[in-house]
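Me: I should like a close look at a single part of this model. Please describe the largest pocket and the strands associated with it.

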Amino acid sequence: MGDLPEYDSVIMKTMHDQNLKELGLAVIKAEAEAVSTLSSRIDEQFVRACQLMLDCKGRVVVTGMGKSGHIAGKIAATLASTGTPAFFVHPGEASHGDLGMITQQDVVLALSNSGETGEVLTILPIIKRIDVPFIAMTGNPKSSLAKFSTVHLNVAVKQEACPLGLAPTSSTTAALVMGDALAVSMLEVKGFTRDDFALSHPGGSLGKRLLLMVSDIMHSGTEVPSITDNESVTNALLEMTEKKLGMTAIVNQENKVSGVFTDGDLRRMLGKNLDVRSTKVAEVMTPSCTVIKADILASEAMKIMQQKKINALLVVDEQNRLVGAINMHDLVHAGIV
């Protein structure tokens, strides 16, 4: 009998956990349905909105209040990072001076689920006066914003995922997806490339992968471990120890790469009981080693290392002369790995 309260507690917790799962699934289902309905809204109005922004000589000014404001900020950021200059203006601040940020060369994109947001409606007369194209993204095609707009994008949803029908959930998801659809569609039309994307993301790991060249991070000059092919293995070991790259380049008298000597070459040599002092490094080096040019992406150098299962690469010029060296630690330090 004493175990019953504990048993009831387990049952209650199980029911509670199951209820949380069901509620979570219901939210995902509701929002998925809201997104699905947008397919029929990719119509002539959508095309016209894209064209207005493609033809824009200035910037796309995105605005919205409350939760719509948060989504508007994200859409502005997505547009800006995919080749469409854009920024967010808070509608409450706009009527207190920030409207000066909008010029006749711009396009305004306003988000409001109801289409009746007071702070946005307040700035409409000024937008009309300067004759700026106005794209409204609302859930009410009969709203004031929709009627005022040059183009209206309908993002109405059947219901919010919130069981109270109050918290913006499905509606904000739909607006966000429509914003992504605009941004990516224009990206494709403009021919926006990976290099273009990298130029606007130089500080991130993706930007580094797309921008950083081998020449930017390679060791050069006296930092490059190198000995001539007529020297002994002892000299190779001293050079490796001093330069700390785990290998040394072997070059001829014209500084052209003949091969590389690595820790692996040393182990194989010792397995043959060869003397490090009397053995020429050319006899035990790895000839015809993999080399790269300085003008390739550092990310490409990383791929080569991974494919070849090596930790370092020699960098050569067009005449196969040694100009640098790079290893996996350099890539890690640069944020490529």
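Reply: The following account takes up the pocket, its lining and then a strand pair. The model is a predicted one.

The largest pocket has a volume of about 520 Å³. Its lining comprises 23 residues, and those closest to the centre are Gly246, Thr262, Ile310, Asn311 and Ala312. Two or more lining residues come from each of strand S8 (257–262), helix H12 (263–271), S11 and helix H15 (328–334). H12 makes the largest contribution, with four residues. By class, nine residues of this lining are nonpolar, eight are polar and six are charged.

Strand S11 covers residues 312–316 and pairs with S12 in the antiparallel sense, over five bridges. Within this pairing, Ala312 stands opposite Asn327 of S12; Ala312 is also among the residues closest to the centre of the largest pocket. The two strands form a hairpin, with five residues between them. In the turn, Asn320 has a positive phi of about 65 degrees.

Strand S12 itself spans residues 322–327, and five of its six residues are buried, so this strand is largely enclosed by the rest of the structure. The threshold applied here for a buried residue is under 20% relative accessible area.

For context, the second largest pocket holds about 250 Å³ of space. Its lining consists of 17 residues, with Ser68, Ser112, Asn113, Ser114 and Pro168 nearest the centre. H3, strand S3 (107–112) and helix H7 (170–190) each supply at least two residues of that lining, which by class has eight nonpolar, seven polar and two charged residues.

Terms used
Residues numbered from 1 in each chain as written. Predicted model: local features only at pLDDT ≥ 70, side-chain atom pairs only at ≥ 80, totals over all residues. Heavy atoms only, no water. Buried < 20%, exposed > 50% of the residue type's maximum accessible area, 1.4 Å probe, protein only. Pairing = 2+ DSSP bridges. 1 Å grid on protein atoms, 1.4 Å probe; cavity = no way out; pocket = protein on both sides within 12 Å on 5 of 7 lines; lining within 4 Å. Points joined across faces, edges and corners; volume = space filled by probe spheres on them. Nonpolar A, V, L, I, M, F, W, Y, C, P; charged D, E, K, R; others polar.
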